Amino acid sequence: MNAEFKLFNISKRYGQREVLNIDNLEIGGGRIYCILGPNGAGKTTLFRIMSLLTLNDTGKIHVLGEEVTWQKNQVVRLRRKMAMVTQTSFMFEGSVYYNVAYGLRVRNTPAAEERKTVNESLELLGMMDFINQPARNLSGGERQKVAIARALAVKPRVLFLDEPTSNIDPASALDIERYIQYINKEMGTTIIMVTHNLFQARRLSEEIFFMWEGKIIEKGESEELFEHAQDKRTRSFIKGEIVF
């Protein structure tokens with residue numbers, strides 16, 4: 001299995017506070033990974049460094065087979081192979097079509113290919129009926145589906161999901177979980193997600209990283225970690241004894 005990400009001695013500080021300290025982390029391709037941990041554990045910071053949105057203070061990071069030098073051209077090129085959906089995905093002013101087509105237009109995609117790709121992405125997410133509607137008028141669940149369609153339209157090698165179902169209704173959340181599994185299994189997209197929903201993490205992920213105070217204190221296959229966590233902090237979190 002080829003590694004999509006390799007991190008060595010990565011740290012990040014904000015002022016005097018160290019928020020991240022990762023000795024060694026390797027993430028392979030084609031799987032669904034979940035990062036768990038209480039608030040303030042460093043999950044978002046790790047996410048942002050891997051997606052090349054935040055510069056690490058120390059250490060080395062390899063992304064999609066390249067050592068990251070943080071040169072602008074390299075960062076732009078690598079970012080275009082990845083996509084992110086957050087818990088409150090921003091919608092541009094304009095139609096659903098315009099929002100999903102945005103990344104394609106930035107990449108100067110020919111018009112015919114753009115329309116075909118947008119239609120396919122919206123069809124996959126069950127949102128074709130909304131194609132001409134103003135994106136900002138959609139419900140929370142509908143907006144998240146459009147956000148995922150927008151991410152898929154650029155055919156990312158890696159899809160980051162940051163609490164993708166935390167602010168939407170249960171029915172839409174289950175729909176999105178099914179789409180996540182389809183995207184991974186049928187399209188071969190590597191998915192890395194952060195969620196506070198332990199049931200969701202167990203349903204979707206194949207491998208879990210548990211973070212505590214900026215460090216990864218335990219990692220392993222999903223079912224094994226949920227059933228036989230070695231660290232008492234992991235066990236307490238899974239049992240709901242730690243408030244997050």
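The following dialogue works through the reading of several features in a predicted model.

User: How many helices and strands does the protein have?

Analyst: In this predicted model, the protein has 9 helices and 10 strands.

User: What does the radius of gyration say about the overall form?

Analyst: The value is set beside the one expected for a compact globule with this number of residues. For 244 residues that expectation is near 18 Å, and the protein has 18 Å, so the two agree. The C-alpha trace spans about 50 × 40 × 35 Å along the principal axes.

User: What share of the residues is buried, and what share of the contacts joins residues at least 24 apart?

Analyst: Buried residues account for 50% of the 244 residues. Of the contacts between residues at least 6 apart in sequence, 66% join residues at least 24 apart.

User: How should the surface and the charges be read?

Analyst: The accessible surface comes to about 11,900 Å², with 48% belonging to carbon and sulfur atoms. As for charge, there are 33 positive and 30 negative side chains, and the centres of these two sets lie 6 Å apart.

User: Which residues of helix α3 are buried, and against which helices do they pack?

Analyst: The general idea concerns periodicity: an α-helix has 3.6 residues a turn, so residues three or four places apart point the same way. In α3, which covers residues 96-106, the buried residues are Val96, Tyr97, Asn99, Val100, Ala101, Gly103 and Leu104. These buried residues of α3 pack against α4 (111-124) and α5 (140-153).

User: What is found at the N-terminal end of α3, and what just after the helix?

Analyst: Ser95 caps the N-terminal end, with a side-chain oxygen 3.4 Å from the backbone nitrogen of Tyr97. Just after α3, Asn108 adopts a positive phi of about 60°.

User: Is Thr190 buried or exposed, and where does it lie?

Analyst: Burial is judged by relative accessibility, with under 20% counting as buried. Thr190 has 1% and therefore counts as buried. Its place is in strand β8, residues 190-194. Beyond neighbours within four places in sequence, Thr190 is in contact with Glu4, Gly28, Gly29, Gly30, Arg31, Tyr33, Arg157, Val158 and Leu159.

User: Why does Ser51 count as buried, and which residues is it in contact with?

Analyst: Ser51 is situated in the loop between α1 (43-50) and β4 (58-63). Ser51 counts as buried because its relative accessibility is 6%. Leaving aside neighbours within four places in sequence, Ser51 is in contact with Arg79, Met82, Met84 and Phe160.

Definitions and conventions. Residues are numbered from 1 along each chain as its sequence is written. This is a predicted model: local features need pLDDT of at least 70, side-chain atom pairs count only at pLDDT 80 or more; totals for chains, interfaces and linings use all residues. Side-chain values use heavy atoms; hydrogens and water are left out. Buried means under 20% relative accessible area, exposed over 50%, partly exposed in between (1.4 Å probe, protein chains only). Helices (H or I, at least four residues) and strands (E, at least two) are DSSP runs, numbered from the N terminus. Contact means heavy atoms within 4.5 Å. A polar contact is a pair of N or O atoms within 3.5 Å; within protein, one must be able to donate a hydrogen and the other to accept it, and residues adjacent in sequence count only if both atoms are side-chain atoms. The radius of gyration is taken over C-alpha atoms; the globule rule is 2.2 Å times the number of residues to the power 0.38. Accessible areas come from the Shrake-Rupley method with a 1.4 Å probe; for residues, only the protein chains shown count as cover. Lys and Arg count as positive and Asp and Glu as negative; His and the chain ends are not counted. The place of a charge is taken as NZ of Lys, CZ of Arg, CG of Asp or CD of Glu.
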